[in-house]
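Dear colleague,

I am handing over the structure we spoke about, and below it I set out what was found. Please read the notes with the structure open beside them.

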Amino acid sequence: MSDCLFCKICSGDVNTDFVYEDDVCVVFRDINPKDKTHLLVVPKEHIASIADIESGHCELLGGLLHSCKVVAGKLGLSGYKLQINVGKDGGQEIFHLHIHLLSKFDS
Ligand code: AMP
């Protein structure tokens, strides 16, 4: 989507340092961190929200969770929380699906 910030970050149109990247997603640090480590795990495919997920997205969603595990391991995070905000009423501000990976540990 041409007017989506996270699509522009994924494509490199908006310059952002990636902590991690694989076929499924990119991972970068939240600009307004809510914990010592606050990463955003963002699929390269534009899906607006969990509310828009269809059965065909199951593999992608599994891949995203796997990427969370991999990036946490690479950063040496022994514990963390995953959060997905869904819809305006769920606190979602950017309508490109993403997982917040939050940890009380620095990375
Ligand atoms: P959500 O409220 O779940 O949609 O989360 C959106 C997150 O994106 C917020 O935590 C913002 O701080 C973060 N954010 C917005 N713009 C950027 C950016 N350019 N780079 C990194 N994080 C961003």
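To begin with the interior, buried residues account for 38% of the 107 residues in the protein, and please keep in mind throughout that this is a predicted model.

As for the overall build, the protein contains 2 helices and 5 strands, and when these are read along the sequence they follow the pattern α-β-β-β-α-β-β. The radius of gyration is 13 Å, close to the 13 Å that the globule rule gives for 107 residues, so the protein is as compact as a globular protein of that length. Along the principal axes, its C-alpha trace spans about 35 × 30 × 30 Å. If one takes the contacts between residues at least 6 apart in sequence, 53% of them join residues that are at least 24 apart.

Turning to the surface and the charges, the protein exposes about 6,300 Å², of which carbon and sulfur atoms supply 50%. There are 10 positive and 15 negative charges, and the mean positions of these two groups are 10 Å apart.

Two loop residues may help you to find your way around the model.

The first topic is Asn 85, which lies in the loop between strand 4 (81–83) and strand 5 (99–103). Is Asn 85 buried or exposed? With a relative accessible area of 18%, Asn 85 counts as buried, because the cut-off for that term is under 20%. The side chain of Asn 85 is joined to the side chain of Gln 83 by a polar contact of 2.8 Å. Once its neighbours within four places in sequence are left aside, Asn 85 is in contact with Gly 90, Gly 91, Gln 92 and His 100.

The other residue is Ala 48, which is found in the loop between strand 3 (37–43) and helix 2 (58–75). Ala 48 has a relative accessible area of 21% and is therefore partly exposed, since that term covers values between the 20% limit for buried and the 50% limit for exposed. Which residues does Ala 48 touch, if those up to four places away in sequence are not counted? They are Gln 92, Phe 95, His 96 and Leu 97, and Gln 92 is also in contact with Asn 85. Finally, although Ala 48 and Gly 87 are 39 residues apart along the chain, their C-alpha atoms are separated by 9.2 Å.

With best wishes

Conventions. Residues numbered from 1 in each chain as written. Predicted model: local features only at pLDDT ≥ 70, side-chain atom pairs only at ≥ 80, totals over all residues. Heavy atoms only, no water. Helix = DSSP H or I, 4+ residues; strand = E, 2+ residues; numbered from the N terminus. Rg over C-alpha atoms; globule rule 2.2 N^0.38 Å. Buried < 20%, exposed > 50% of the residue type's maximum accessible area, 1.4 Å probe, protein only. Contact = heavy atoms within 4.5 Å. Areas by Shrake-Rupley, 256 points an atom, 1.4 Å probe, with all protein chains shown as cover. Lys, Arg positive; Asp, Glu negative; His and termini not counted. Charge placed at Lys NZ, Arg CZ, Asp CG, Glu CD. Polar contact = N/O pair within 3.5 Å; in protein donor to acceptor, adjacent residues only side chain to side chain.
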